[in-house]
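Let's take a look at a protein chain together, going from the big picture down to a single side chain. Have the sequence and the 3D view open as you read.

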Amino acid sequence: QVLLLRTPDLKPKTFGGRASGNDGKAIHRQKRGWMWNQFFLLEEYTGSDYQYVGKLHSDQDKGDGSLKYILSGDGAGTLFIIDEKTGDIHATRRIDREEKAFYTLRAQAINRRTLRPVEPESEFVIKIHDINDNEPTFPEEIYTASVPEMSVVGTSVVQVTATDADDPSYGNSARIIYSILQGQPYFSVEPETGIIRTALPNMNRENREQYQVVIQAKDMGGQMGGLSGTTTVNITLTDVNDNPPRFPQSTIHLRIPESSPVGTAIGSVKATDADTGKNAEVEYRIIDGDGTDMFDIVTQKDTQEGIITVRKPLDYETRRLYTLKVEAENTHVDPRFYYLGPFKDTTIVKISVEDVDEPPVFSRSSYLFEVHEDIELGTIIGTVMARDPDSASSPIRFSLDRHTDLDRIFNIHSGNGSIYTSKPLDREISQWHNLSVIAAEINNPKDTTRVPVYVRILDVNDNAPQFAVFYDTFVCENARAGQLIQTISAVDKDDPLGGQKFFFSLAAVNPNFTVQDNEDNTARILTRRNGFSRHEISTYLLPVVISDNDYPIQSSTGTLTIRVCACDSRGNMQSCSAEALLLPAGLSTGALVAILLCIIILLVIVVLFAALKRQRKKEPLILSKEDIRDNIVSYNDEGGGEEDTQAFDIGTLRNPAAIEDKKLRRDIIPETLFVPRRTPSAPDNTDVRDFINQRLKEHDTDPSAPPYDSLATYAYEGNDSIAESLSSLESGTTEGDQNYDYLREWGPRFNKLAEMYGGGESDKDTS
């Protein structure tokens, strides 16, 4: 049995062979009518019919249709179909090699009736032949590259590489050649590798920095008909240090006031450099001039400027103009470009010092005066000197900062700066005085200068030595003559140069005790007799004279109190007479102090109680709404006149007998009580006016009436009333009857009142 596989333009080949099976028997391979490896199919078929691939045929095929050909594998049934009867294989659509370069399929012939294979299944490959249907492409549309300026010709810039999807092993479809379309004559490209190189020497970044190069990649070896693709390469020339710094001006003028402190920035200089980055970094220095010791220059890294600063104090009166030679030099010089140097430049800087009104200047930065503490008041201890540094030389006025001399111990002469004492000095209180003297120009008092003045007070032997501590001395009743009972020492506030030296002695000869000087600023107190009795004398007073050896000699007398005590055989104190005397008293000092404090507290309580009682006598009795004066403010009603019979019972005024006895005032406590006098009752037909006058007269002559206006009685109308006051104070001093004609001027509401009082006056006058 033979399986034939036919393909266009290929002739069948036959082969035979044998192999051994696993059981050792020889296996005879049937001779096939065709042995194949692969066959080819062109891509991108453009015909209207299916593209013919090949034909399968078996030697057992008699042409009667009893065999059936089956195709399986890649694309079988969809991309590739087979005629079951004839074995012809066709491609159903256009095939793109770039999608799949080959297809592996399996073919088999079976009996149509029994469906048993008549041939073993065979595998074959259909390889797609390539055509030039893909142009070269670059992975990037735009490339960015850089190359140093001033590079030599042929310096590599960047390599661009294009790819072609066609088969590189079949023809020239994938053979790419590179060429430059834009960017000549500055750059070139290698045709085979795509490496872009410089084509011109000494390209200067300062002239042109950016270049755009267009590269073409063409397949078919660059021949006519080949496909092509392009890309753009943006090339930047990077900077190298090929330009020296240059000052824009040969001379620079600056000004500065003479009062500028050290470190003040005067101005800046700047040299321009066409380079960028570190290639443009410049270092400034002063290389010459008459002000090299007066000024400094500092390079400002961020701005590449040279800042000129003051190094020493300036003085307009000493020098008014300085000249400096400033150099600017690149810090990073490329040795390849030494021939373009030197990479430095210089300029002249002239600095003018401006005059200002300067404060006074002291002759010293500080003063130290020493003075003895026993000098007389007004003694000059030293003099400070200051001058006006300006050419005008204004006079100076001196003063002391009183914050440094709160006790006002010193004073200063405002004209000559002499410092003198105004209070006594005492080294033992303060050994140092730190003063601050202020100097100011008379013409410009606001411009001042201060200087510290240190005054040291020197010691004078003006203090007598004294006992170092308080000594509690006792002597035993059984003491022997010459027995030591106390060792004493002394102190002195003075501080002599040779050190302290004290001498001890008794003020007078004492039969009981003596002093022995140890000559080391201490002395011993010794007994002069045997035996002491605390019942006879319980305490001895021993005056001791202490003197120093400085000039003038100072001495003092200190008294030792020596108690007589009972001691044991070893000399230890057991009891003293002072303690025995205090025990019978029964009261200690603390108890006496407590009793005195209690007595003082009781006295204070009594005094406070009396003061409060006296204050209560002065307070008003009525502090509520019952106070008549408060009622006037609360109600503030206006009467309706005589026609208003409901407002007031006039019968009360016409019947004085109905009035209660006179009551005492409740708003204050009267200091003297008077018996109220009862006045005779007025007749029933007595006119109201006469009644009021009678009552007014009684009150004027009543010594118990208050000597002030009473709002409750007279209804005082205010300070600005035209009617003035109706008080009893003025009424009592009126010599004659009052004139009530002004009531007619008050308006219609007062006409009735004006007729009553005006008519009364007329009747009285006519009678």
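Here is a short tour of the model, one topic at a time.

## How far to trust it

First things first: this is a predicted model. The average pLDDT of the protein chain is 80, and 78% of its residues reach a score of at least 70.

Some stretches score lower. Residues 671-677 keep a pLDDT under 50, and the model gives them 8 contacts beyond four places in sequence. The pLDDT is also below 50 over residues 710-716, a stretch with 14 contacts in the model beyond near neighbours in sequence.

## The overall build

So what is the chain made of? Its secondary structure adds up to 8 helices and 42 strands.

Now think about who touches whom. Take the contacts between residues at least 6 apart in sequence: 66% of those link residues at least 24 apart.

## Inside and outside

The protein chain has 767 residues, and 33% of them are buried. About 47600 Å² of the chain is exposed, with carbon and sulfur atoms supplying 51% of that area.

## A nonpolar patch

Which residues form a nonpolar patch on the surface? They are Leu592, Ile595, Leu596, Ile599 and Leu603, and together they have about 470 Å² of accessible area.

Zoom in on Leu603, which sits in helix α2, spanning residues 589-617. Is Leu603 buried or exposed? Leu603 counts as exposed because its relative accessible area is 53%, and the cut-off for exposed is over 50%.

Terms used:
Residues are numbered from 1 along each chain as its sequence is written. Side-chain values use heavy atoms; hydrogens and water are left out. Patches are made of residues with over 30% relative accessible area and no salt bridge: like charges are joined within 9 Å, nonpolar side chains (Val, Leu, Ile, Met, Phe, Trp, Tyr) within 5 Å. Accessible areas come from the Shrake-Rupley method with a 1.4 Å probe; for residues, only the protein chains shown count as cover. A salt bridge is a side-chain nitrogen of Lys or Arg within 4 Å of a carboxyl oxygen of Asp or Glu. Helices (H or I, at least four residues) and strands (E, at least two) are DSSP runs, numbered from the N terminus. Buried means under 20% relative accessible area, exposed over 50%, partly exposed in between (1.4 Å probe, protein chains only). Contact means heavy atoms within 4.5 Å. pLDDT is the predictor's confidence in each residue, from 0 to 100.
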